[in-house]
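Subject: Handover of a structure, with findings

Dear colleague,

Please find below the structure that I am handing over to you. My notes on it follow directly after.

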Amino acid sequence: MAEAPAHVRVIKETSAYWRVLFDYPPFNIVDATIFEGLQALIAQMDTDPNLRVVAFESANPEFYLAHFDLTGKMGNIMTAVGPSGLPILMDTFVRLTKSPVVSIAKIRGCVRGVSSEFVLACDMRFASRENTLLGQPEVGVGLHPGGGGAERLPQLVGRGRALEIILGGNDFDGDTAERYGYVNRALPDAGLDDFVDALARRIASFDRRAITAAKKLINQVSLPSADRLLDALNSFQTALTWPEAQQRIQALLKGGLQQDSDFEKRWPALLGELLET
């Protein structure tokens with residue numbers, strides 16, 4: 001079986017508990033390369049009988065996973081079909097959610113758009129109180145969420161807050177994300193690693209059969225249907241062709257998106273004035 005590439009790096013703390021580091025300089029931009037790594041990783045997760053829990057973190061404390069690649073390096077992730085029968089982008093998130101292995105997102109840095117949708121597909125999310133910028137800025141880019149954000153967020157935060165997050169298109173810090181239910185907890189940055197490690201090791205000490213059965217029952221009452229997710233992805237593909245979306249994407253790239261570190265950190269705050277001269 002293929003090993004996950006180096007940009008999705010596995011650290012096997014024990015046979016039952018793995019840490020996974022996103023390490024794709026300079027900003028951990030989500031493109032076909034990241035999905036290739038996640039596909040290989042999920043295949044390993046699902047076939048390892050000893051594994052109980054995986055914690056996802058970033059090698060770059062400023063960017064957990066930045067956002068969807070807007071320069072076109074997405075390969076065939078929205079057209080090629082994965083093992084679930086869904087397009088690779090959706091297949092990756094659905095299989096992660098339905099995996100018998102527990103997934104924990106340990107968040108530091110910027111997490112926007114499809115990156116937010118990745119952590120929403122994880123079973124649990126724990127964020128640095130001082131160092132988290134989390135959001136769904138697609139509407140401000142002339143698009144809408146297409147990787148499950150619109151389907152998963154209302155289950156966690158309620159309809160009104162989901163609309164605020166998606167239509168406002170702005171960043172949420174760790175404390176606000178915790179208060180809204182976007183993440184399980186926001187913890188002091190100095191204590192985040194120890195907390196997640198202790199929880200992961202505790203879960204890893206339990207029987208896989210019990211973990212799998214409990215997760216399956218919760219999934220049955222909490223997950224959006226594959227049809228709804230697929231409709232959103234198809235609509236997102238169409239939105240990428242809208243002239244107004246292309247205009248906004250080009251303005252962001254011209255401003256320094258995916259090139260300038262300072263712009264990468266603050267661009268959602270600029271979306272309201274993006275097209276002003």
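I begin with Gln-258, which is situated in the loop that runs between helix H10 (243-255) and helix H11 (261-266). Please bear in mind throughout that this is a predicted model. Gln-258 has a positive phi of about 65°, although it is not a glycine. With a relative accessibility of 17%, Gln-258 counts as buried, because the limit for that class is under 20%.

**The loop between E2 and H1**

A second residue with a positive phi is Asn-28, which is not a glycine either; its phi is about 55°. Asn-28 belongs to the loop between E2 and H1. The relative accessible area of Asn-28 is 2%, so this residue is buried. The loop between E2 and helix H1 (32-47) also holds Pro-26. Pro-25 and Pro-26 are joined by a cis peptide bond, with omega at about 0°.

**Salt bridges**

The structure contains 15 salt bridges. In general terms, side chains of opposite charge can pair when their charged atoms come close.

Glu-57 deserves attention here, as it takes part in a salt bridge with Arg-19 and in another with Lys-106. In the pair with Arg-19, the closest N and O atoms are 2.9 Å apart. Glu-57 is part of strand E3 (residues 53-58) and Arg-19 of strand E2 (residues 17-22), so this salt bridge ties together parts of the chain that are 38 residues apart in sequence. In the pair with Lys-106, the closest N and O atoms are 3.3 Å apart. This pair links distant parts of the chain, since Lys-106 is in strand E5 (residues 102-112) and Glu-57 in strand E3, 49 residues apart.

Are these three charged residues buried or exposed? Glu-57 is buried, at 9% relative accessibility. Arg-19 is buried too, with a relative accessible area of 19%, and Lys-106 is buried with a relative accessible area of 6%.

Glu-57, Arg-19 and Lys-106 also belong to a network of salt bridges, whose other members are Glu-13, Arg-108, Asp-189, Asp-193, Asp-197 and Arg-201.

A further salt bridge is formed by the side chains of Arg-129 and Asp-175, at 2.9 Å from N to O. Arg-129 lies in strand E6 and Asp-175 in helix H6 (residues 174-180), so a strand and a helix that are 46 residues apart in sequence at this pair are tied together. Arg-129 counts as partly exposed, with 36% relative accessibility. Asp-175 is likewise partly exposed, with a relative accessible area of 31%.

**Thr-132 in strand E6**

Strand E6 (residues 124-135) also includes Thr-132. At 4% relative accessibility, Thr-132 counts as buried. A polar atom of the Thr-132 side chain lies 2.8 Å from the backbone oxygen of Ser-128. Which residues does Thr-132 touch, leaving aside those up to four places away in sequence? They are Ile-107, Gly-109, Ala-127, Phe-172, Asp-173 and Gly-174.

**Cysteines**

How many disulfides does a search of the whole structure find? The result is zero. The case of Cys-110 shows why: its sulfur is 17 Å from the closest cysteine sulfur, which is in Cys-122, and that is too far for a bond. A disulfide would require the two sulfur atoms to be within 2.5 Å. Cys-122 is accordingly in no disulfide, and its nearest cysteine sulfur is that of Cys-110, 17 Å away. Cys-110 is buried, with a relative accessible area of 3%. Cys-122 also counts as buried, at 3% relative accessibility.

**A nonpolar patch on the surface**

Finally, I turn to the surface. Val-139, Leu-163 and Leu-167 form a nonpolar patch there, and together they have about 240 Å² of accessible area. Leu-167 is located in helix H5 (residues 159-168). Leu-167 counts as exposed, at 55% relative accessibility, because the limit for that class is over 50%.

As a starting point for your own inspection, I would suggest Glu-57, with its salt bridges to Arg-19 and Lys-106, and then the patch of Val-139, Leu-163 and Leu-167.

With kind regards

Technical notes. Residues numbered from 1 in each chain as written. Predicted model: local features only at pLDDT ≥ 70, side-chain atom pairs only at ≥ 80, totals over all residues. Heavy atoms only, no water. Buried < 20%, exposed > 50% of the residue type's maximum accessible area, 1.4 Å probe, protein only. Patch = residues over 30% accessible without salt bridge, like charges linked within 9 Å, V, L, I, M, F, W, Y side chains within 5 Å. Areas by Shrake-Rupley, 256 points an atom, 1.4 Å probe, with all protein chains shown as cover. Salt bridge = Lys/Arg side-chain N within 4 Å of Asp/Glu carboxyl O. Helix = DSSP H or I, 4+ residues; strand = E, 2+ residues; numbered from the N terminus. Polar contact = N/O pair within 3.5 Å; in protein donor to acceptor, adjacent residues only side chain to side chain. Contact = heavy atoms within 4.5 Å.
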